[in-house]
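Please examine the sequence and the structure shown below. The paragraphs that follow lead through them step by step.

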Amino acid sequence: MTEADGLRQRRPLRPQVVTDDNRTPEAKGGSSFSGRVFRATFLMLAAFLTIPLLGALVLLDSPIDPESLSFKEPPLFLGVLQPNTKLQQVERLFENQLVGPESIANIGDVMFTGTADGRVVKLENGEVETIARFGSGPCSEVKLLLSSETPIEGRKMSFLNDLTVTRDGRKIYFTDSSSKWQRRDYLLLLMEGRDDGRLLEYDTQTKEVKVLLDHLRFPNGVQLSPAEDFVLVAELAMVRIRRFYVSGLMKGGADVFVENLPGFPDNIRASSSGGYWVSMAAIRANPGFSMLDFLSERPYLKKVIFKLFSQETVMKFVPRYSLVLELSDSGAFRRSLHDPEGQVVTYVSEAHEHNGHLYLGSFRAPYLCRLRLQSA
């Protein structure tokens with residue numbers, strides 16, 4: 001063996017560095033195969049979820065046939081509308097003894113309210129007494145003034161909502177929110193936005209019924225003026241309050257009392273200052289985002305939403321923000337009371353003033369709220 005041969009045999013082995021370039025063809029093929037399996041599985045899952053969704057969008061009927069509505073930009077939440085937490089100062093009354101006490105009335109110091117489970121109850125001395133029940137037979141004498149089965153000018157009444165009565169008791173002004181939808185379908189009515197609501201007048205002496213205003217979009221709250229010369233009616237789906245003159249030189253005429261409200265108006269009630277309380281369970285935030293404003297100009301999107309989701313599911317996406325607004329006798333904003341999270345005063349439907357307090361109704365909460373106005 002030569003010296004050169006010996007050196008070659010004693011030369012140390014160099015370590016082998018493994019890189020992607022050094023991988024065997026079999027490894028490359030395996031990696032590519034795994035990637036293809038992953039992509040195929042992902043596409044199959046996407047198709048599994050997408051195809052039924054597309055099928056539902058094509059085949060399912062939407063319960064609503066909405067119209068496109070256009071609103072002005074909501075008023076800024078500044079000045080009188082500056083957010084606050086004044087509604088969070090309320091005390092809850094009759095908690096878990098009531099189901100959705102939406103509207104309130106007083107006879108002296110005795111308070112009455114109607115509830116979502118079909119009862120009319122009397123609230124006195126801390127006790128709740130049921131005086132009438134609708135839907136399963138009354139538990140006391142009830143006098144029928146007008147049947148909803150009676151057509152008024154060719155249309156039946158489907159969603160009788162609110163009323164106001166003259167001091168002499170002769171005239172009753174009331175709203176029929178829709179000739180198609182019922183109370184339980186209030187969100188479908190709002191989203192559809194059809195003009196099939198009316199303001200009506202019932203004469204308790206002659207038994208006659210007249211249509212005062214037609215083609216209203218979800219009319220609900222109604223209130224006589226202190227002088228009883230006009231009636232205000234909240235047109236919820238148009239975020240405004242209409243006025244109809246029932247006496248005086250303007251009798252039979254109508255105009256807009258206030259428009260472009262910062263929320264969707266429910267009931268209207270007189271305030272001790274000569275103005276009016278207006279309650280709103282949903283607002284049009286500015287600055288911020290109003291989902292209902294956004295959807296108002298997109299009827300196709302509203303149809304898709306209600307093909308896929310129930311009213312209860314959609315309600316979960318509506319921000320819980322309760323707002324009570326006091327208007328002057330001319331419709332100007334006087335003051336506002338807020339619960340920005342809607343946790344204390346939930347889904348407020350009415351603000352009823354009595355003996356220095358504001359009693360707040362709700363169409364969903366299991367209680368009434370009371371706010372001392374002097375502290376607010």
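Which residue in S19 does Glu350 stand opposite? The residue opposite Glu350 is Gly361 in S19. Before the surroundings of this pair are described, it should be said that the model is predicted.

The pair belongs to two strands that run antiparallel, S18 and strand S19 (residues 357-362), and six bridges join them. Both strands are part of an open sheet of four strands, arranged in the order S1-S20-S19-S18 with antiparallel pairing. At the edges of this sheet lie strand S1 (91-93) and strand S18 (348-354), each of which pairs on one side only. Neighbouring strands of the sheet are turned against each other by 30° on average, if direction is ignored.

A further open sheet is also formed by four strands, in the order S2-S3-S4-S5, and its pairing is antiparallel. Here the edge strands are strand S2 (103-107) and strand S5 (127-133), and each of them pairs on one side only. From one strand to the next, the twist averages 25°. Inside the order, strand S3 (residues 110-114) pairs with strand S4 (residues 119-124) in the antiparallel sense, over four bridges. Within this pairing, Met111 stands opposite Leu123 in S4.

These sheets may now be placed in the protein as a whole. The protein has six helices and 20 strands. It comprises 376 residues, of which 44% count as buried. Among contacts between residues at least 6 apart in sequence, 56% join residues at least 24 apart. The protein exposes about 20400 Å², and carbon and sulfur atoms supply 55% of this area.

One strand residue may serve to illustrate burial. Is Asn220, a residue of strand S10 (residues 219-224), buried or exposed? Asn220 has a relative accessible area of 2%, and it counts as buried because this value is under the 20% limit. Its contacts show what surrounds it. With neighbours within four places in sequence left aside, Asn220 is in contact with Asn161, Asp162, Thr175, Ser177, Ala234, Leu236, Pro265 and Asp266.

Burial can also be followed along a helix. In helix H5 (residues 299-308), the residues Pro299, Lys302 and Phe306 are buried. Why do they lie on the same side of H5? They do so because they cover an arc of only 55° around the axis. A general property of helices helps here: an α-helix has 3.6 residues a turn, so residues three or four places apart point the same way. The buried residues of H5 pack against helix H3 (186-192), helix H4 (291-296) and helix H6 (311-315).

The last subject is charge. Side chains of opposite charge can pair when their charged atoms come close. A search of the whole structure finds 26 salt bridges. In one of them, the side chains of Arg194 and Asp65 meet, with a distance of 3.1 Å from N to O. This pair links distant parts of the chain, 129 residues apart: Arg194 is in the loop between H3 and strand S8 (197-203), whereas Asp65 is in the loop between helix H2 (25-59) and S1. Arg194, at 25% relative accessibility, counts as partly exposed. Asp65 is likewise partly exposed, with a relative accessible area of 41%.

Another salt bridge joins Lys72 to Glu259, and the closest N and O atoms are 3.3 Å apart. Where in the chain do these partners, 187 residues apart, lie? Lys72 is in the loop between H2 and S1, while Glu259 is in the loop between strand S13 (254-258) and strand S14 (263-270), so that the pair links distant parts of the chain. Lys72 counts as exposed at 53% relative accessibility, because exposed means over 50%. Glu259, at 43% relative accessibility, counts as partly exposed.

A further salt bridge is formed by Glu95 and Arg92, whose closest N and O atoms are 3.3 Å apart. Glu95 counts as partly exposed at 40% relative accessibility, and Arg92 counts as partly exposed at 34%. Finally, salt bridges may share partners: in this way Asp65, Glu67, Arg194 and Arg217 are joined into one network.

Definitions and conventions:
Residues numbered from 1 in each chain as written. Predicted model: local features only at pLDDT ≥ 70, side-chain atom pairs only at ≥ 80, totals over all residues. Heavy atoms only, no water. Buried < 20%, exposed > 50% of the residue type's maximum accessible area, 1.4 Å probe, protein only. Contact = heavy atoms within 4.5 Å. Areas by Shrake-Rupley, 256 points an atom, 1.4 Å probe, with all protein chains shown as cover. Arc of directions from axis to C-beta. Pairing = 2+ DSSP bridges. Axes fitted to C-alpha atoms, helices over the stretch in contact; angles between N-to-C directions. Salt bridge = Lys/Arg side-chain N within 4 Å of Asp/Glu carboxyl O.
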